[in-house]
Amino acid sequence: MSPSTLERTTGLARSTVDRVTATLARMGYVRLDGRDAVLTLRLMELGNAYLAALRRPALLNARADALADALDESVSLAVRDRDGIHFVHQATRRRAMSLGFRIGELLPAERTAPGPLFATEWTDEDWRHWHERRPADPENRSFPAVPPAPPAPAGDFEERTPRAAREGWASDDQLIEPGLVAVSVPVRYPADGTIACVASVVSHTSRHSAEDLRTTLLVGTRLPAHATALGRAPTAADPLGSALADEELEEGLRPIAVPLLDRTGRRVAAVNIAMHAARHTREECTDTLLAALRHTATRIEADLHMASHFTRVPLT
Ligand code: PHB
């Protein structure tokens, strides 16, 4: 960039631009090519230091990658930056979009799925800033990573935000780019429930609508509780709480489940073995497999009780 472009884009005086550029060049973050300042690779040190200090990538990237593998769709993690969002991790599995957003790029909150979730925590000052930006930059030209926006319907984002607060998820139905659909959920700090980052599953309209992205990918398949062993385990008449849903959901399917209890003895989940009826008799299921399942459940419960000793462990 030339000194005059830097002056214009930063709003700083020419003498300040020259001084800052010279300092950055001495530190190795920019290289001077004639009068132009060119960014160097060393600048990534700053981004890497930020991501290391943030710790979220170190804690969550492997889970995001595993989710991307399981769904065969792209998964990203984003943090907020005032009225924008930054990606801190991208697990790209299929090309969902013509332009791939990269780690560190800033996107305007109102054109993303994570945006309304972050906006549930915006202060009055954040909203004021957003209300000023919208008319000043209606096409998002100050966000170089995104294509210019068609004018958004007034009030749209302000309606998506309370909905995100109510429902605990938000979607992007081709707001950032035609064909791109995304659905997002917040990842919260256990200590105070505030949003640490937002995880998104990203797909293309040729594979999923925004609505079925949520129902099929993020939430998983919902089955009627009465027809499944898992659904019945927590309410079984059996005093030990195991349940065999013998070929009720599907012919040939014989699942068996036992409940998981939290520290207070409340049934909070269930573990299940699903097998074909031809592999084991009913008696084998209840005698041998049930014992193994109970043993596993007891070990999971021990871990859960330990982990939830000081910290609430959210189970959904
Ligand atoms: C992404 O590229 O990961 C992405 C894009 C748009 C969204 C959410 C995630 O709304």
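# Briefing: a ligand shell, Pro114 and a helix pair

Pro114 lies in helix α5 (residues 114-119); helices here are DSSP runs of H or I with at least four residues, strands are runs of E with at least two, and both are numbered from the N terminus. This is a predicted model: local features need pLDDT of at least 70, side-chain atom pairs count only at pLDDT 80 or more, and totals for chains, interfaces and linings use all residues. Residue numbers start from 1 along each chain as its sequence is written.

**The chain overall**

- The protein chain has 10 helices and 11 strands.
- Of its 316 residues, 27% count as buried (20 or more other C-beta atoms within 10 Å of the residue's own, with C-beta atoms placed from the backbone).
- Take the contacts (C-beta atoms, placed from the backbone, within 7 Å) between residues at least 6 apart in sequence: 51% of them join residues at least 24 apart.

**Around the ligand**

- The shell around the ligand includes Ser76, Phe87, Gln90, Phe101, Asp172 and Val202; near means a C-beta atom, placed from the backbone, within 6 Å.
- Pro114 also belongs to this shell, as do Thr112 and Ala113.
- β4 (84-91) and β8 (195-204) each supply at least two of the shell residues.
- By class, the shell has seven nonpolar, four polar and one charged residues.
- Ala, Val, Leu, Ile, Met, Phe, Trp, Tyr, Cys and Pro count as nonpolar, Asp, Glu, Lys and Arg as charged, and the others, Gly among them, as polar.

**Pro114 up close**

- Pro114 counts as buried because it has 29 C-beta neighbours inside 10 Å.
- Leaving out residues up to four places away in sequence, Pro114 touches Ala78, Ile85, Ser184, Val198 and Ser200.
- Gly84 is 30 residues from Pro114 in sequence, and their C-alpha atoms are 9.6 Å apart.

**Helices α1 and α2**

- The axes of α1 (residues 3-10) and α2 (residues 14-27) come within 9 Å and cross at roughly 110°.
- Axes are lines fitted to C-alpha atoms, for helices over the stretch in contact, and angles run from 0 to 180 degrees between N-to-C directions.
- The two helices, α1 and α2, are therefore roughly perpendicular (65 to 115 degrees).
- Pro3, Leu6, Glu7 and Thr10 in α1 meet Arg14, Val17 and Asp18 in α2.
- By class, this contact of α1 with α2 has three nonpolar, one polar and three charged residues.
- α1 is hardly covered: zero of its eight residues are buried.
- Gly11, just after α1, takes a positive phi of about 75°.

Definitions and conventions:
Angles under 35 degrees count as roughly parallel, over 145 as roughly antiparallel, 65 to 115 as roughly perpendicular and the rest as oblique. Two residues are in contact if their C-beta atoms, placed from the backbone, lie within 7 Å. A residue is buried if 20 or more other C-beta atoms lie within 10 Å of its own, exposed if 12 or fewer, and partly exposed in between; C-beta atoms are placed from the backbone.
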